[in-house]
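Q: I'm new to this one and would like a close look at a single part of it. Could you take me through the big picture of that part and then its details?

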Amino acid sequence: MGRLRQEVEPRSVGLDPKGLARLDEHFARLVDDGRLPGYLVSVARHGQVAHLTAYGHRDREAGLPVESDTIWRIYSMTKPVTSVAALMLVEEGLLGLDDPVSRYIPAFAEPRVYESGSGTETVTRPAQQPLLVRHLMTHTSGLTFGFYHSHPVDALYRDAGLENSVPSGADLARTCDVYASLPLQFEPGTQWNYSVSSNVLGRVIEVVSGRDLDEFFTERIFGPLGMTDSGLSITPEQAPRLSELYGEADTGGITPIPGLPLHGRPRFLSGSGGMAATAQDFHRFMEFLRRRGELDGTRLLSPESVETMASNQLPGNADLRSFGSAPHQLPTNAGVGFGLGVSVVIDPEATDTPFPRGTFGWSGVATTTFWVDPERDLTAQFMTQLRPTSSSTVILDLRRLVYEAVVG
């Protein structure tokens with residue numbers, strides 16, 4: 001068990017204490033007004049934590065405060081971890097980015113692509129090219145999510161019991177076979193659509209490594225990086241530190257809602273959003289990325305692999321707005337490309353964020369987020385547990401307030 005700690009004074013690394021105080025005041029107001037349960041934010045420069053604040057509650061009803069060792073459901077911030085796992089296998093020569101997925105999951109051998117219609121009247125055609133591992137990592141696979149309600153293929157996912165991405169009681173292998181039985185939304189590699197791709201990538205990792213995904217994560221990533229409180233489940237000893245999940249109430253404010261089940265090993269091991277971690281653990285993961293694949297003398301990836309992961313992989317250096325099949329999915333998609341499991345800024349002037357070129361990271365559905373800024377040698381993370389039902393500016397406000405505090 002580890003607690004994140006502030007290591008240096010903000011001024012010593014070019015951060016303005018007054019600006020950081022404004023950041024804390026802003027999010028404390030959201031907690032005090034009943035719009036957030038509690039939060040933890042950390043900002044580090046040159047590998048040293050210069051700002052750390054924990055405020056509010058991890059469990060409002062029980063009166064339990066957010067602490068530096070609170071455990072958070074990080075949902076889609078699992079995806080970069082899954083990408084690191086896959087890249088480790090690539091470096092070992094066991095997996096190729098341009099390998100067909102069907103080499104590892106035979107059900108994907110003959111994918112079909114949506115053409116027209118809906119429901120039982122859906123018309124499909126054979127895909128013109130195979131679905132590749134690269135397509136999974138860049139979300140250009142043609143897979144989708146059942147909860148979008150924006151395309152006829154989404155409805156087919158729901159009809160197949162995939163409203164929440166996994167059929168009731170199914171494991172990862174069975175779930176991927178169900179995905180493969182449904183048409184792709186578009187030809188692989190031709191559009192970007194945020195999807196269940198990372199779950200399929202998780203299954204590829206299992207087949208290639210011969211290990212269950214949670215075991216691979218623990219043995220090959222969490223253990224070597226000292227991420228002692230990370231996993232796809234929690235132990236009884238960790239349970240008291242797990243934050244409750246909240247949603248927005250119809251009457252205003254927030255209310256507890258069911259969260260990702262973590263007590264006991266899940267049958268479905270999700271490489272898309274199944275992970276829980278402390279801020280200390282995720283700081284170590286960010287440091288591993290900032291240091292280009294190495295931490296405390298342990299190297300898991302070459303610098304070249306991390307650079308590839310954090311470089312735009314969309315064809316023609318396109319951004320998510322021009323290449324996305326549903327541009328509404330991300331609030332900041334102009335000037336932002338996508339690497340291997342992370343977004344990356346390619347045109348700072350076109351974005352509505354203060355990020356410089358090359359900044360990469362990702363967020364989770366419970367309003368968690370992280371980023372690595374190589375230009376300013378800065379990393380930041382924000383942990384809370386709120387699944388908003390309406391548009392939220394929490395993450396955009398965080399980015400603005402952090403960079404307002406950068407003075408050197």
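A: Let's go to the open sheet of 8 strands, whose order is 3-2-1-16-15-14-13-12 and whose pairing is antiparallel. Its edge strands are strand 3 (64–65) and strand 12 (336–338), and each of those pairs on one side only. Keep in mind that you're looking at a predicted model.

Start at the strand 3 end. Strand 2 (residues 48–59) runs antiparallel to strand 3, and 2 bridges join them. If you want a spot to zoom in on, find H57: its bridge partner in strand 3 is P65.

Now move along the order to strand 15, which covers residues 369–373. It sits between strand 16 and strand 14 in the order of the sheet. Is strand 15 mostly covered, or mostly open? Mostly covered: 5 of its 5 residues are buried, which here means under 20% relative accessible area. Both faces are in on this, with T369, W371 and D373 buried on one side and F370 and V372 buried on the other.

Look next at the neighbours of strand 15, taking strand 14 (residues 360–363) to begin with. These two strands run antiparallel and are joined by 4 bridges. Within that pairing, G361 stands opposite W371 of strand 15, and W371 is among the buried residues you just met. Strands 14 and 15 also form a hairpin, with 5 residues between them. In that turn, T367 has a positive phi of about 70°.

On the other side, strand 15 pairs with strand 16 (residues 378–383), again antiparallel, through 5 bridges. Here T369 has F382 of strand 16 as its bridge partner. This pair makes a hairpin too, with 4 residues between the strands, and D377 takes a positive phi near 50°.

So what about helix 11 (residues 394–404)? Of its 11 residues, 8 are buried, so helix 11 is largely enclosed by the rest of the structure. The buried ones are V394, I395, D397, L398, R399, L401, V402 and Y403. What covers them includes strand 1 (38–45), strand 14, strand 15 and strand 16, along with helix 1 (17–32). That ties the helix back to our sheet, as strands 1, 16, 15 and 14 follow one another in its order.

The sheet we've toured isn't alone, either. There is also an open sheet of 3 strands, in the order 8-7-17, with mixed pairing. Its edge strands, each pairing on one side only, are strand 8 (254–256) and strand 17 (386–387). Strand 7 (residues 246–248) pairs with strand 17 in the parallel sense over 2 bridges, and G247 has R387 as its bridge partner there.

Finally, step back to the whole chain, which has 11 helices and 17 strands. For its 408 residues, a compact globule would have a radius of gyration near 22 Å, and the chain's 20 Å agrees with that. The C-alpha trace spans about 60 × 50 × 45 Å along its principal axes. Buried residues account for 59% of the chain. And of the contacts between residues at least 6 apart in sequence, 68% join residues at least 24 apart.

Definitions and conventions. Residues numbered from 1 in each chain as written. Predicted model: local features only at pLDDT ≥ 70, side-chain atom pairs only at ≥ 80, totals over all residues. Heavy atoms only, no water. Rg over C-alpha atoms; globule rule 2.2 N^0.38 Å. Buried < 20%, exposed > 50% of the residue type's maximum accessible area, 1.4 Å probe, protein only. Contact = heavy atoms within 4.5 Å. Pairing = 2+ DSSP bridges.
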